[in-house]
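Here are my notes for you, as promised. They run from confidence through cavities and pockets to a few individual residues, so have the viewer open as you read.

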Amino acid sequence: MDPSTTLSLTVTFAVIGAAVTHAAWNAIAHGIKDQTLAFALIGVGGIATGIPLVFVAATPRTDCWPYLLGSVAIHVFYNLLLMQCYRLGEFGQVYPLARGTSPLLVTILAAIFVHEHLALPQIMGVLIVSGGLATLVLAGRRPGRAAFLAAIGTGLSIAAYTTVDGVGVRLSASPAGYIGWLMVLESLCVPMFALARRRDVLLKQRPRILLAGLGAGALSVLAYGLVLWAQTQGALAPIAALRETSVIFGAIIGTLIFREPFGRTRIAATVLVVTGIVLLNVG
């Protein structure tokens, strides 16, 4: 299949839905102060949601497994970096920086490895979306050096797994099976560490924290499952850029939940991102 570089309305809404869901589970993760605990619970929620998909969906084709296993390794590294981001920086700082660096990289990687070449309006759309997301970093205090490096590293890992999964899910002939196996395998690492080293902390948590973390894990499966399905229907770069509109929803959540100011900079960033989305859908 040679996916069109122009996203259909169905794909566009699916990816925007993934963006909202992604912002929600990241906000839950940030809200749990013990990040090892947060990502352990998210991992358990991801495993619990992924296992039914493994049994119900068709098994992914053999050709996709090198990509799937490669993505598992990248996702483990990504989760470790994301934990560091949320330990070191504010949600409104590190989230847009991490997410905003990936669309441009995906555009380059997709051109090199998948031979997807966008029309000029769509290239401009990716650039404008990335620029809009980057300006969100200016809306609050500047992140420290360690938080900045962790966020940039997270963005690099996002671009890597997006490209790898874009190829793998197209080869799988079973997007649901692919996401099920991916979530089960990549979610094992942090829960196993937490059980071995932090079991006492897990057992002492209030039910509200446990349910929030498990719910965030289920949301993470839904969010990335929508993206993987979209990647079988359209080109990687515009989907990656559209997906990162989660930063706008993250900024809204940061304002409503974490009492972070929205302000003129975030309004300007939102206008830029919306403009970029329109260009992404120009055929």
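1. Confidence first. What you have here is a predicted model, so a look at the scores is a good place to begin. The protein has an average pLDDT of 83, and 91% of the residues reach at least 70. Helix H8 has the highest confidence with a mean of 94, whereas helix H10 (residues 199–203) has the lowest with a mean of 71.

2. Enclosed space. Searching the whole structure turns up three cavities of 30 Å³ or more. The largest cavity holds about 240 Å³ of space. Its lining is made up of 20 residues, and those nearest the centre are Trp25, Tyr78, Asn79, Glu186 and Ser220. Two or more lining residues come from each of H1, helix H2 (35–56), helix H3 (65–88), helix H8 (175–186), helix H9 (189–197) and H11. H3 gives the largest share, with four residues.

3. Character of that lining. If you plan to look at the chemistry of the largest cavity, its lining divides into twelve nonpolar, six polar and two charged residues.

4. The open site. The largest pocket has a volume of about 160 Å³. Its lining consists of Ala27, Ile28, Gly31, Ile32, Arg208, Ile209, Ala212, Ile253, Ile257 and Phe258. Helix H1 (9–31) and helix H11 (207–231) each contribute at least two of the residues lining this pocket. By class, eight lining residues are nonpolar, one is polar and one is charged.

5. A buried arginine. Please have a look at Arg243, which sits in helix H12 (residues 236–243). Is Arg243 buried or exposed? Its relative accessibility is 5%, so Arg243 counts as buried. What is Arg243 in contact with, once neighbours within four places in sequence are left aside? The contacts are Val15, Ala19, His22, Arg99, Ile158, Tyr161, Thr162, Tyr224 and Val227.

6. Salt bridges. How many salt bridges does the structure hold? There are two. In one of them, the side chains of Arg170 and Glu116 meet with an N to O distance of 2.9 Å. Arg170 belongs to helix H7 (residues 145–172) and Glu116 to the loop between helix H5 (102–114) and helix H6 (120–135), so this pair ties together parts 54 residues apart in sequence. Arg170 is partly exposed at 24% relative accessibility, while Glu116 is buried at 9%.

7. The other bridge. Asp63 pairs with Arg61 in a salt bridge whose closest N and O atoms are 3.5 Å apart. Asp63 is partly exposed, at a relative accessible area of 43%. Arg61 is partly exposed too, at 45%.

8. Backbone points to check. His115 has a positive phi, near 60°, and is a residue other than glycine. His115 is located in the loop between H5 and H6, and its relative accessibility of 59% makes it exposed. Ala173 is likewise not a glycine, yet has a positive phi of about 60°. You will find Ala173 in the loop between H7 and H8, where it counts as exposed with 58% relative accessibility.

9. Looking back at the loop between H5 and H6. His115 lies in this loop, and so does Glu116, the salt-bridge partner of Arg170. The loop therefore offers both an exposed residue, His115, and a buried one, Glu116.

Definitions and conventions
Residues are numbered from 1 along each chain as its sequence is written. This is a predicted model: local features need pLDDT of at least 70, side-chain atom pairs count only at pLDDT 80 or more; totals for chains, interfaces and linings use all residues. Side-chain values use heavy atoms; hydrogens and water are left out. On a 1 Å grid over the protein atoms alone, a cavity is a set of points where a 1.4 Å probe fits but cannot get out, and a pocket is an open set with protein on both sides within 12 Å along at least five of seven lines; lining residues have an atom within 4 Å of a point. Grid points are joined across faces, edges and corners, and a volume is the space filled by probe spheres set on the points. Ala, Val, Leu, Ile, Met, Phe, Trp, Tyr, Cys and Pro count as nonpolar, Asp, Glu, Lys and Arg as charged, and the others, Gly among them, as polar. Buried means under 20% relative accessible area, exposed over 50%, partly exposed in between (1.4 Å probe, protein chains only). Contact means heavy atoms within 4.5 Å. pLDDT is the predictor's confidence in each residue, from 0 to 100. A salt bridge is a side-chain nitrogen of Lys or Arg within 4 Å of a carboxyl oxygen of Asp or Glu.
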